[in-house]
Every structure is written in C-alpha cells, then in structure tokens.
Amino acid sequence: MCVQWLLRCVLFLVSLPFLQSKDVTMVIGEVGGAVTIPCTSDLCEDHLVFMYVQRPGSNGNNPRFINGYHTNKRLYPKEYTNRTHVDPRQRTMKLWSILPSDEGLYECHIQYQTKKKQENIQLNVTANYSIPIVTVACDNVSCLVTCSSDSGYPRRDIEWSPNPPLNQSHWRVVNSSDVTDPVSKLFSVFSSISVNCSSGPRLNLSCAVGGALSQEHTVCWPQTGSPDVYVTSAVVAGAVALLCFLLAGLFVFKERKAQTARVDQVLTDLTLVPVPSPNSHHPASLSWIPHSTAPLDSPSGPAYPVPTPLSLHTWFPTTRPSFTWPALHLPPVC
C-alpha cells in the first residue's frame with residue numbers, strides 16, 4: 001500500500017512541470033510597444049475581491065509586485081507605476097514601453113468571495129533587427145564578406161545565402177560575434193565568411209538575421225574584369241566623349257569667326273557708287289567697285305552686284321554689317 005502511494009507521489013511530482021507549462025499563456029510584445037496580459041478568460045465570476053500581478057523570484061521566492069486591484073484599498077506599484085494599468089472588469093493588465101528586461105513569467109493571483117485562482121503568463125519580448133550591411137573585400141584568390149546588423153532582440157545568428165548554392169568546402173565562417181548594448185540590452189551581431197574564388201564563376205551573396213534580409217552582393221568576378229576595371233573604363237569613355245564634343249565646338253566657333261572676317265574684308269575692299277542705267281532716265285542704280293578704280297563718277301572697272309541681306313545672312317547669320325552710304329549727286333530729271 002505504501003509503495004503504491006509513493007509511486008503515485010513520484011508520478012505526480014514528475015508530471016507537475018508539464019501541467020504548469022500546459023497552463024501557461026504565451027504573449028509576445030515588441031520593444032517600445034505595448035501588450036495586454038490576460039489574467040483570466042472567465043469573466044462570469046462576480047464579486048472580485050482583489051487581483052495581483054507579480055513576477056516570481058529567481059529561486060521561486062521573493063516575488064516582485066507589478067500592479068493590481070483591491071476592492072477595499074488602493075495599491076501603489078513602485079517600479080511599474082507609469083507603465084502599467086489594471087482593468088478589473090476585463091481582468092487584464094496593460095504594459096507599455098516594453099523593455100527586454102520585461103521578458104519572463106508573470107503570475108496573476110485572483111481572489112473571489114468563494115474561490116481563488118492563479119494564472120501564469122509568459123511574456124516574450126522581440127525587437128526587429130536592422131537591414132544587414134554587407135561589405136566585400138576581394139583579391140585574386142578569395143573574397144572576405146562581412147555582414148552586420150544591430151538593435152535586435154533576442155540574439156539571433158546570421159544566415160548566409162549564396163546564389164548559386166555553394167558546397168561548404170568553397171566557403172567558411174571566419175568570425176561570428178555579438179555585442180549587447182548596456183543600456184537598451186539590444187544585440188548587434190556580426191559574421192564574416194571567406195569565399196574561395198578559384199573554383200567557380202562570380203557569386204551573389206546575401207545575409208539575413210531575424211527576418212531582416214540584405215541586398216545581394218556580387219563576389220568572385222571573372223579574371224577578365226572586375227567592378228573597378230568596368231568603372232574605370234566607363235569613366236575614360238565618358239571623358240573621351242566630352243573632349244571630342246569640346247573640340248568640335250571649338251572648331252565650329254573658329255570656322256564661323258573666319259567666315260565673318262572674310263565678309264568684313266570683302267565689304268572693306270568695295271565701295272558703293274551710282275552707275276547710270278541705259279534703260280532708265282533715273283540714274284539711281286548702285287553698284288560695288290574696288291577702291292583701286294578711278295573716280296566714283298566714272299568707274300572703269302567691273303561692277304559688282306550689291307550684296308543682298310540673304311547673302312550676308314548666309315555668311316554670318318548672327319550679325320549684320322553696317323554700311324556708310326556715300327553722298328549721291330543726281331542730275332535733274334528731264
């Protein structure tokens with residue numbers, strides 16, 4: 001009889017942790033956010049006397065009071081005064097401005113007029129990691145790739161994703177570490193890998209931590225060229241194109257200037273004089289003659305046609321020459 005009783009006690013003690021873990025309610029809160037801790041799902045019970053929310057000590061003793069409600073007295077929480085609020089009707093406690101230190105087990109002790117009740121709530125705290133930053137340093141044989149991310153919780157490992165997939169013998173983890181901020185308790189994680197570039201073509205690499213994924217970075221460029229060579233070639237080609245454009249513009253400018261000088265020289269060497277017309281009684285026709293000819297009233301050299309505005313515009317479209325017209329002495333018309 002005693003043996004059976006002892007066996008039952010042993011089985012009960014062994015199964016006790018599993019019974020407690022089965023009754024634990026899991027809630028998740030994000031750092032800096034808010035979460036509602038439900039103390040019970042049974043809202044039909046009336047005559048609530050008090051409801052306390054506390055956190056057990058490390059060894060099960062010295063629990064730490066968080067907040068609560070009592071029908072006959074007012075409660076004054078110390079540490080969580082400005083971060084918690086208890087709703088006795090809904091049997092809940094709201095916690096905001098969540099910190100990593102808030103993670104852990106919470107106990108709700110509820111007293112009704114006829115019975116007591118205890119609920120256990122496990123609060124898990126998370127914080128999103130920043131988008132990982134990847135740096136690449138390569139030589140002719142291998143590439144050292146580093147991935148870093150910060151402001152995350154809890155600590156997570158960095159995962160590498162090569163594309164196309166590589167055999168583990170072609171790359172290896174060189175360093176993996178983390179740092180905890182002493183104030184915020186958030187984690188910064190780092191990881192470096194070495195990739196063997198002598199066994200295959202170029203490779204695209206990305207890293208991820210806690211759901212945050214980096215951009216793909218190309219490593220192990222073919223030996224015929226590298227990103228630096230391509231960039232240098234593009235810069236040189238652009239510089240050559242710009243130089244050719246400037247030289248072409250300078251040539252056009254000088255050519256137009258020479259054409260303008262030739263037009264001015266032609267106008268300088270010619271003089272506008274009146275020439276009588278055999279078919280008209282009005283000798284008002286004008287012609288251009290060289291300066292080396294005889295007097296203006298009896299030109300012996302060949303007459304040059306008067307330049308028209310169209311011809312001048314063809315020589316130099318942006319300017320017009322100025323003319324000084326000589327005094328004309330016209331005989332009276334009969």
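This report describes a predicted model, moving from the whole chain to one sheet and then to a group of aromatic rings.

## The chain as a whole

The chain has 334 residues, and 27% of them count as buried. Its secondary structure comprises three helices and 18 strands.

The accessible surface is about 22,800 Å². Carbon and sulfur atoms contribute 59% of that area. Contacts tell about the fold too. Among those with a separation of 6 or more, 53% join residues 24 or more positions apart.

## A five-stranded sheet

Strands of a sheet pair through backbone hydrogen bonds, either parallel or antiparallel. One open sheet in this model has five strands, in the order β1-β8-β7-β3-β4. Its pairing is mixed.

The edges are β1 (24–30) and β4 (64–70). Each has a single partner strand, so one side of each lacks a neighbour in the sheet. From one strand to the next, the twist averages 20°.

## The pairing of β3 and β7

Strand β3 covers residues 48–55, and strand β7 covers residues 104–112. The two pair in the antiparallel sense, over six bridges. In this pairing, Q54 stands opposite E107 in β7.

## Aromatic rings

The count of aromatic pairs comes to three. One of them is F50 with Y52. Their ring centres lie 4.6 Å apart and their planes meet at 25°. Planes under 30 degrees apart count as stacked, so this pair is stacked.

Another pair is Y52 with F65. Here the ring centres are 5.9 Å apart and the planes stand at 90°, so the pair is edge-to-face. This pair links distant parts of the chain: Y52 belongs to strand β3 and F65 to strand β4, 13 residues apart.

Together, F50, Y52 and F65 form one aromatic cluster.

## Buried or exposed within the cluster?

How is each ring residue of the cluster placed with respect to the surface? F50 has 17% relative accessibility. Buried means under 20%, so F50 counts as buried.

Y52 has a relative accessible area of 22%, and is partly exposed. F65 is also partly exposed, with a relative accessible area of 32%. The cluster therefore combines a buried residue, F50, with two partly exposed ones, Y52 and F65.

Note on methods: Residues numbered from 1 in each chain as written. Predicted model: local features only at pLDDT ≥ 70, side-chain atom pairs only at ≥ 80, totals over all residues. Heavy atoms only, no water. Helix = DSSP H or I, 4+ residues; strand = E, 2+ residues; numbered from the N terminus. Buried < 20%, exposed > 50% of the residue type's maximum accessible area, 1.4 Å probe, protein only. Contact = heavy atoms within 4.5 Å. Areas by Shrake-Rupley, 256 points an atom, 1.4 Å probe, with all protein chains shown as cover. Pairing = 2+ DSSP bridges. Axes fitted to C-alpha atoms, helices over the stretch in contact; angles between N-to-C directions. Phe/Tyr/Trp six-rings, centres within 6.5 Å; stacked < 30°, edge-to-face > 60°.
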